[in-house]
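Grab a pencil and work through these exercises with the model in view. Each one sets a task and then walks through a solution.

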Amino acid sequence: MKRIIFGLVLFASLGLAQGARILIVTDLEGVGGVNDPDEQLLPGQRRYLESRKILTGEVNAAVDGAVAAGASEIVVWDGHDGSRTLSIDEIHSPARLLQGRPTPANYYLSDRLYDGVIFIGQHAKAGAKDAVLAHTQSFAVRRLTINGKEVGELGQVAAIAGQFGIPVIMLSGDRAACAEMLELQPRAVTVEVKRLAGRGSTVSLSHEQATRLILDGAIKAVRSAGTYSPWKIQGPVEMTIEYFPQPPQQPTARIVSYKGATVLEAYEAWLGKL
Ligand SMILES: [Zn+2]
């Protein structure tokens, strides 16, 4: 009870009529300890279950932090491997889990549906420097741009969320993903759980320390969710995707582009072609 009263006072001071509504967007490549695409990313691989367990722990740390900061609603969107990685028997209450493929972006993101987005387990964009498992949707993509600006998966989500007036308030992932986030949303709370340590090596925090930092970060971000500004891209929007050459069938880089009045329209034009 004490916490509820404290919470009400807090929301009033931050301009939210109720506790913050939070969307947690998850991926696997950016969680602590994961660096091997052949052993740690997909069902059936030797260390997949360990990766999944680490992701679940990091997600729950964010859920617990959001709860501690008085969030009124928490939805976790399962973003890795076609949205079929997490399990409801392991996600902490009161978060709900959104899964399934394809989940249209305008189902989980619509006008001011949330007060903030939190990324957990996020990786950097294709071609990012000193990044762990960097890619944009697939490892076949060399670069993706929105109105000429190079972005990765986190930039696409930030742009679509921004179209709906929703800011990104926090990200946990590798050092390069944190830097990429800060470039788009300079006030976002970032938690670096690992970084590249040369070629294919990474150095990661212990899971215990990573989850403690994520918990603290989520408390801080969710408490001030009402004070962030969304990243807005003015339309019309052109999204361009350049693929790596694949000789002999595709000796030069294939480039495709999709247009729309908004980011979401351009994004859906692309997804409709996949
Ligand atoms: Zn993934």
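**Exercise 1: a bridge partner**

Which residue in β8 is the bridge partner of S172?

Before starting, note that this is a predicted model, where local features need pLDDT of at least 70, side-chain atom pairs count only at pLDDT 80 or more, and totals for chains, interfaces and linings use all residues. Residues are numbered from 1 along each chain as its sequence is written.

Step 1. Get the labels straight: helices (H or I, at least four residues) and strands (E, at least two) are DSSP runs, numbered from the N terminus.

Step 2. Find the two strands: β7 covers residues 168–174 and β8 covers residues 189–196. They pair in the parallel sense over 5 bridges. Two strands pair if DSSP finds at least two bridges between them.

Step 3. Read off the partner: S172 is bridged to V191 in β8.

**Exercise 2: the sheet of 7 strands**

Give the strand order of the open sheet of 7 strands, then find its edges.

Step 1. Going across the sheet, the order is β3-β2-β1-β4-β7-β8-β9, and the pairing is mixed.

Step 2. The edge strands are β3 (96–98) and β9 (202–204), each of which pairs on one side only.

Step 3. Now check the twist: ignoring direction, neighbouring strands here are turned by 20 degrees against each other on average. For such angles, axes are lines fitted to C-alpha atoms (for helices over the stretch in contact), and angles run from 0 to 180 degrees between N-to-C directions.

Step 4. Add a helix: α6 (residues 207–223) lies across β1 (21–26), β4 (116–122), β7 and β8. Its direction is at about 155 degrees to β8.

**Exercise 3: the sheet of 4 strands**

Do the same for the open sheet of 4 strands, and say which helix packs on it.

Step 1. The order is β6-β5-β10-β11, with antiparallel pairing.

Step 2. At the edges stand β6 (149–150) and β11; each has a single partner strand, so one side of each is left without a neighbour in the sheet.

Step 3. Zoom in on one pair: β5 and β6 are joined in the antiparallel sense over 2 bridges. One detail to look up is I146, whose bridge partner in β6 is K149.

Step 4. The helix is α7 (residues 263–271), which packs on the sheet and touches β5, β10 and β11. The direction of α7 makes about 135 degrees with that of β11. Contact here means that the C-beta atoms of two residues, placed from the backbone, lie within 7 Å.

**Exercise 4: a covered helix and its neighbour**

How many residues of α4 are buried, and at what angle do α4 and α5 pack?

Step 1. Fix the term: a residue is buried if 20 or more other C-beta atoms lie within 10 Å of its own, exposed if 12 or fewer, and partly exposed in between, with C-beta atoms placed from the backbone.

Step 2. Apply it: in α4 (residues 153–163), 11 of its 11 residues are buried. Across the protein chain of 274 residues, 45% count as buried.

Step 3. Turn to α5 (residues 175–184): α4 and α5 pack at about 30 degrees, with axes 10 Å apart. The two helices are therefore roughly parallel to each other (angles under 35 degrees count as roughly parallel, over 145 as roughly antiparallel, 65 to 115 as roughly perpendicular and the rest as oblique).

Step 4. Find who touches whom: L154, G155 and A158 of α4 meet A177, E180, M181 and L184 of α5.

Step 5. Look just after α4, where G165 takes a positive phi of about 75 degrees.

**Exercise 5: backbone oddities**

Where are the cis peptide bonds, and which residues other than glycine have a positive phi?

Step 1. Recall the background: most residues other than glycine have a negative phi, and most peptide bonds are trans.

Step 2. One cis bond joins S93 and P94, with omega about 5 degrees. P94 sits in the loop between β2 (73–77) and β3.

Step 3. Another cis bond joins P247 and P248, again with omega about 5 degrees. P248 belongs to the loop between β10 (237–243) and β11 (255–260).

Step 4. S83 has a positive phi of about 60 degrees, and its place is in the loop between β2 and β3. S83 is partly exposed, with 17 other C-beta atoms within 10 Å.

Step 5. Q137 has a positive phi near 65 degrees and lies in the loop between β4 and β5 (141–146).
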